[in-house]
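Here is a short tour of how some helices pack against one another, followed by a look at one pocket. Please keep the structure open beside you as you read.

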Amino acid sequence: IPPQNFTIYYSGSFSSMTPLQPLLRAVSGVNKKHKISIVVSIATNLSLKKIKNVYPEGYHNGYVKFLGFLPHKENILNFSKANLLAISLANNKLTADFVYSGKLLEYINADTPILLLNNSTSAAAKLIEKTHSGFCVNIDSQKDIQDLLFKLYSQWKKEKKLFQIQITKFP
């Protein structure tokens, strides 16, 4: 993970239930608009070809770093090297009542801020709010995602960190 760049780490697969395109489009848009460099590091068992097909512009512009499949221990070590840990959940009835995934619990335990793309009333968003472990933004609003990314990037650029997570109460 490149330490000189503001880095968002995404671990896992992506599908219609866990779409990565909204995040990748937002990163591309905010990078172009503000002439900055936010990078998304992706650890996945999906092929590089599929990532290039889903997001050719970002891959060719260096906004995406493909890490391939990583052993669990190495993957967890990468959590602390990133500035944000991303989770993307489709905005639908199933994710509104989403049972907390192991990935979300691992992310909360990582002490690195979480970026949840979903909606602010989902079970995952409520958990992030209760644990003060990150940010939730509407997955359906490119403007909101880009605005939040630029705000977080600006804070990081100024302070070189976002915040330290201190879980005071776990539901």
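Let us begin where α6 and α7 touch: L104, L105 and I108 of α6 meet A124, L127, I128 and T131 of α7. By class, this contact has 6 nonpolar residues, 1 polar residue and no charged residues. Please bear in mind that this is a predicted model.

How do the axes of α6 and α7 run relative to each other? They come within 12 Å and cross at roughly 15 degrees. Angles under 35 degrees count as roughly parallel, and α6 and α7 are therefore roughly parallel to each other. Their crossing is right-handed.

**Two further helix pairs**

Helix α6, which spans residues 102-109, also packs against α4, residues 72-79. Here the angle is about 50 degrees, with the axes 9 Å apart, and that makes α4 oblique to α6. In passing α6, α4 makes a right-handed crossing. On the α4 side, the contact is made by H72, N75, I76 and F79, and on the α6 side by K103, E106 and Y107. Sorted by class, the contact of α4 with α6 has 3 nonpolar, 2 polar and 2 charged residues.

Now turn to α1 (residues 21-34) and α8 (residues 142-159), which pack at an angle of about 60 degrees, their axes 9 Å apart. Helices α1 and α8 are therefore oblique to each other, and their crossing is right-handed. From α1, the residues in contact are P22, L23, R25, A26, V27, G29, V30 and H34; from α8 they are Q142, I145, Q146, L149 and F150. This contact has 8 nonpolar, 4 polar and 1 charged residues.

The table puts the three pairs side by side.

| Helix pair | Angle between axes | Axis separation |
|---|---|---|
| α6 and α7 | roughly 15 degrees | within 12 Å |
| α4 and α6 | about 50 degrees | 9 Å |
| α1 and α8 | about 60 degrees | 9 Å |

**The second largest pocket**

Which elements each supply at least two residues of the lining of the second largest pocket? They are β1 (6-11), β4 (84-88) and, once again, α6 (102-109). Of the elements, β4 gives the most to this lining, with 3 residues.

The second largest pocket holds about 150 Å³ of space. Its lining has 13 residues, and those nearest the centre of the pocket are Y10, T18, I87, S101 and K103. You have already met K103, as one of the α6 residues in contact with α4. By class, the lining divides into 6 nonpolar, 6 polar and 1 charged residues.

Note on methods
Residues are numbered from 1 along each chain as its sequence is written. This is a predicted model: local features need pLDDT of at least 70, side-chain atom pairs count only at pLDDT 80 or more; totals for chains, interfaces and linings use all residues. Side-chain values use heavy atoms; hydrogens and water are left out. On a 1 Å grid over the protein atoms alone, a cavity is a set of points where a 1.4 Å probe fits but cannot get out, and a pocket is an open set with protein on both sides within 12 Å along at least five of seven lines; lining residues have an atom within 4 Å of a point. Grid points are joined across faces, edges and corners, and a volume is the space filled by probe spheres set on the points. Helices (H or I, at least four residues) and strands (E, at least two) are DSSP runs, numbered from the N terminus. Ala, Val, Leu, Ile, Met, Phe, Trp, Tyr, Cys and Pro count as nonpolar, Asp, Glu, Lys and Arg as charged, and the others, Gly among them, as polar. Axes are lines fitted to C-alpha atoms, for helices over the stretch in contact, and angles run from 0 to 180 degrees between N-to-C directions. Angles under 35 degrees count as roughly parallel, over 145 as roughly antiparallel, 65 to 115 as roughly perpendicular and the rest as oblique. A crossing is left-handed if the near helix is turned anticlockwise from the far one by less than a right angle, and right-handed if clockwise. Contact means heavy atoms within 4.5 Å.
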